[in-house]
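Here's a quick briefing on the pockets, cavities and chain contacts in this one. Have a look at the structure first, then we'll go through it.

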Amino acid sequence: MPAIEARALSVGFRTERGVVQALSDASFAIERGETLVVIGESGSGKTVLAHALMRLLPRNVTLAGEVDLEGQPLLALPEDEMRRVRGRRMALIPQGAGSALNPVRRVGGLMLEMARVRGLGQGEAREALDGSLRELGLSFQQVAERYPHQLSGGMQQRVVNAMAMVGEPSVVIADEPTHGMDPELVDTTAEQLGMIARRGAALLVITHDLRLAERLGGRTALIYSSYIVELRDTAAFFSQPEHPYGRALLGALPEHGGVAIPGVSPELTQLPRACAFAPRCPARFEPCDEAVPPMFPLPGGGEARCYLHA
Amino acid sequence: MLSAQGIERRYGRGHSQVRAVDGVSLDLRPGQRLAVVGRSGSGKSTLARVLALLEAPDAGSVSVDGTVVTAFGMRTPRPLRRAVQLIWQSPRLACDPRLRIREIVLEPLIANGLVGRARDERDQVVRHWAARLGIADELLERFPHEVSDGQLQRACLARSLALEPRYLICDEMSSMLDVSTQAALLEVVAEEQRRRDMGVLLVTHDHILADHWCHDRIELVDGRVKDARESASALSGR
């Protein structure tokens, strides 16, 4: 049984400008120990996907589809039960480790609180946290008495990562874990994320950093205008993307010529009932404008939302 | 040529004094794309601000096409300031949140006397640069908080390029943006670089970008130039 599975998950927000369709028909499963990297441009729906899995959504949301955590349906759970699930069995590594730590409390207290939420007793909590921190090159004693601002950015990141690991949650979701980081810090963060997966969590990493995605391995889901358009083995995707948007995106990397994709993505309030990438697509043909393509299986494994593969 | 000789910039006093830039000399030729790479804290952003005449160096001098501008202190005449424009990493911090995108692009043009008072003329100039940067017309009436980082950075680039600077300094211009937005912005910068022989200084921690987009590079370590070299792409005649 996968640690987490989404089936035909769609998320919309009712706003003054109309319904913003932030995620459309997303289906995927992640096993324990496996990594799924979600890439796409800002505004494509990546963060909404993470928040929908944890049901961290505002009141004006409309949800469709299903999310199962180890076989248990999440979307119908009452809020108090969902709170328990979210605290004990799921972990979120938010964007900007520094701002995720309460600035007026010592790091030790913050970490112990997280361990308690995950159901650990006083004694074992300290031991578990120390164990995770040591794997990341720190110790509980080193950071416990300090306030978050007294730690370097790299240390803050390790503290947040250790908090995500404690109590062995089934699912760890990292949202832009390397945003604004130095290349050196990106390297260590990538290693630490790999460690989280190796310890047995299902790891979902949201990023717009294509080089980070390639390093993390596992599988990659490429999102364009609220749709997953390609879902494949990461190495296969980066060696030869099958969706025309994937090809265009990799072509925008400086080492591949740095060619910009012509045009702009459609507003999420006005998504066409057709392929959302068609207006910018060099391979556009008749069926593209007739209906939203489903995910078609690819011969080498994986899927692409493109009629070229029908 | 935008030329820096022996630039030093120190912050703080006494024992806690930091030499952010510690004796850096460099030349940016018209039409050249020069990368300044280095880790955070290496002094590259401080150097960028000194070159853009936004901070006075503690020692050394900056000259623009032969005129020593540091001699003016912080009172550099506007035409000289206009010649060197800076694009910041965070467009949010670089834009007045109370101005519409149209006004953000227009303000320096008015300050430099480059547009008249006629509404039509002003509209035309703003629309021209918005189109060059791929900013949709309806976005011109929005405030910064109503557009994305990528769209706002396009507006910042429009604002600076509209002044037709001789030299453009991009300080981590695209490090927060998507690779496709980065490619779009750099395409416009490259067009201007070729069309008007504009010199571009690209400050970045992305070595791959520096190697592929720039002709030459210098590396800063602890405020000093560690490594200056001509990259292979200089030979490919970009």
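In this predicted model, α9(A) is the top contributor to the lining of the second largest pocket, giving four residues. That pocket holds about 930 Å³ of space, and residues from both chains sit closest to its centre, namely A:Met181, A:Asp209, A:Arg211, B:His205 and B:Asp206.

**The second largest pocket**
- In total, 44 residues line this pocket, and they split into 16 nonpolar, 16 polar and twelve charged.
- On the chain A side, α8 (183-198) and α9 (210-216) each put in at least two lining residues.
- Chain B does likewise with α1 (44-51), β7 (167-171), α7 (179-196), β8 (199-204) and α8 (207-213).

**Where the chains meet**
- Chain A brings 20 residues into contact with 17 of chain B.
- About 1600 Å² gets buried between the two, with carbon and sulfur atoms giving 55% of that.
- A:Asp182, A:His208 and A:Pro254 account for 27% of what chain A buries against chain B, beating any other three residues.
- There's one salt bridge across the interface: A:Arg211 pairs with B:Asp206 through their side chains at 2.9 Å, N to O.
- You'll also find four residue pairs in polar contact between the chains.
- On chain A's side, α8 and α9 are the elements giving two or more residues, and the residues there come out as ten nonpolar, five polar and five charged.

**Enclosed cavities**
- Six cavities reach 30 Å³ or more, and the largest has a volume of about 70 Å³.
- Its lining has 13 residues, with A:Pro244, A:Cys275, A:Cys281, A:Cys288 and A:Cys306 nearest the centre.
- That lining is made up of eleven nonpolar residues, one polar and one charged.

Key:
Residues numbered from 1 in each chain as written. Chains lettered and ligands numbered in written order. Predicted model: local features only at pLDDT ≥ 70, side-chain atom pairs only at ≥ 80, totals over all residues. Heavy atoms only, no water. 1 Å grid on protein atoms, 1.4 Å probe; cavity = no way out; pocket = protein on both sides within 12 Å on 5 of 7 lines; lining within 4 Å. Points joined across faces, edges and corners; volume = space filled by probe spheres on them. Nonpolar A, V, L, I, M, F, W, Y, C, P; charged D, E, K, R; others polar. Contact = heavy atoms within 4.5 Å. Buried area = accessible area lost by both parts, 1.4 Å probe. Salt bridge = Lys/Arg side-chain N within 4 Å of Asp/Glu carboxyl O. Polar contact = N/O pair within 3.5 Å; in protein donor to acceptor, adjacent residues only side chain to side chain.
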